[in-house]
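Here is a walk through one model, going helix by helix and then residue by residue. Keep the 3D view open as you read.

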Amino acid sequence: MGKVEKGCDCRILHADVVKMFKKGLSQNPLLLKLADFFHILSDNTRIGILSVLDQNEICVSDLSSILNMTKSAVSHQLKVLKDAGFVKCEKKGKEIFYSYASDDIRELFEIALNHIAKSV
């Protein structure tokens, strides 16, 4: 037996509600930035990097070994994450170590991961 889809079969348009949101959603700069924010998370390599950083700060050499990628490719993805405010770097001697830019980003990653784990 097929899955029953629930939906609204209402034929009434709530014009006041539609008018209130229609313009605001497509032109809200905050929502556009939120879409860009989540777009950053849509790459498997960047998710892998964030997963590693959830456990420990790390340098590009170690990340490239873990991810089986060139240092150049990992550096490119780290730049994307850094430019978006997801990660920060700190120079220690000749090495540069990467970590989460804030506890908020780490928490967001962990909440999303826990949410997905519950549905698997």
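Which residue just after H4 takes a positive phi? That would be Asn68, with a phi of about 55°. Before going further, bear in mind that this is a predicted model.

Asn68 is worth a pause. Most residues other than glycine have a negative phi. Asn68, with phi near 55°, has a positive value and is a residue other than glycine. As for its setting, Asn68 is found in the loop between H4 and H5, and at 71% relative accessibility Asn68 counts as exposed.

**Helix H4**

Now step back into the helix that comes before that loop. The buried residues of H4 are Val60, Leu63 and Ser64. They cover an arc of only 100° around the axis, so they sit on the same side of H4. Turn to the other side of H4 and you find Ser65 and Ile66, which are exposed. The cover over the buried residues of H4 includes H3, strand S1 (58–59), H5 and S3.

**Helix H5**

On the far side of the Asn68 loop comes helix H5, which spans residues 71–83 and has 13 residues. From its first C-alpha to its last, H5 reaches 18 Å, close to the 18 Å expected at 1.5 Å a residue.

Which residues of H5 are buried? They are Val74, Gln77, Leu78 and Leu81. Seen down the axis of H5, these buried residues fall within an arc of 100°, so they line one face of the helix. The general geometry is a handy reminder here: an α-helix has 3.6 residues a turn, so residues three or four places apart point the same way. On the other side of H5, Ser72, Lys79 and Asp83 are exposed.

What do the buried residues of H5 pack against? Three helices and two strands are listed: helix H2 (29–40), helix H3 (44–53), helix H4 (60–67), strand S2 (87–92) and strand S3 (95–100). Just after H5 there is another positive phi, this time at Gly85, of about 85°.

Gln77 deserves its own look within H5. Gln77 counts as buried because its relative accessible area is 12%, and buried means under 20%. Leaving aside residues up to four places away in sequence, Gln77 touches Asp43, Thr45, Arg46 and Ile49.

**Strand S3 and what it touches**

Strand S3 holds Ser99 and also Phe97. Ser99 is buried, with a relative accessible area of 16%, and at 16% relative accessibility Phe97 counts as buried too.

Their contacts, not counting residues up to four places away in sequence, go like this. Ser99 touches Leu53, Glu57, Phe86, Val87 and Lys88. Phe97 touches Glu57, Ile58, Cys59, Lys88, Cys89, Glu90 and Lys92. Glu57 and Lys88 turn up on both lists.

**Far in sequence, and in space?**

S3 also features in two of the pairs below, through Ser99 and Phe97. Distances are C-alpha to C-alpha.

| Pair | Apart in sequence | Apart in space |
|---|---|---|
| Gln55 and Ser99 | 44 residues | 9.5 Å |
| Phe97 and Asp62 | 35 residues | 9.9 Å |
| Asn28 and Leu78 | 50 residues | 28 Å |

Some context for the loop residues in that table: Gln55 lies in the loop between H3 and S1, and at 64% relative accessibility Gln55 counts as exposed. Asn28 lies in the loop between helix H1 (15–27) and H2. Asn28 is partly exposed, with a relative accessible area of 28%. Its partner in the table, Leu78, is one of the buried residues of H5.

**The largest pocket**

How much space lies in the largest pocket? About 150 Å³. The lining is made up of Phe38, Leu41, Ile47, Leu108, Phe109, Ala112, Leu113 and Ile116. Helix H6 (residues 103–119) gives the most to that lining, with five residues. Sorted by class, the lining has eight nonpolar residues, no polar ones and no charged ones.

Note on methods: Residues are numbered from 1 along each chain as its sequence is written. This is a predicted model: local features need pLDDT of at least 70, side-chain atom pairs count only at pLDDT 80 or more; totals for chains, interfaces and linings use all residues. Side-chain values use heavy atoms; hydrogens and water are left out. Helices (H or I, at least four residues) and strands (E, at least two) are DSSP runs, numbered from the N terminus. The expected span of a helix is 1.5 Å times one less than its number of residues. Buried means under 20% relative accessible area, exposed over 50%, partly exposed in between (1.4 Å probe, protein chains only). The arc is that of the directions from the helix axis to the C-beta atoms. Contact means heavy atoms within 4.5 Å. On a 1 Å grid over the protein atoms alone, a cavity is a set of points where a 1.4 Å probe fits but cannot get out, and a pocket is an open set with protein on both sides within 12 Å along at least five of seven lines; lining residues have an atom within 4 Å of a point. Grid points are joined across faces, edges and corners, and a volume is the space filled by probe spheres set on the points. Ala, Val, Leu, Ile, Met, Phe, Trp, Tyr, Cys and Pro count as nonpolar, Asp, Glu, Lys and Arg as charged, and the others, Gly among them, as polar.
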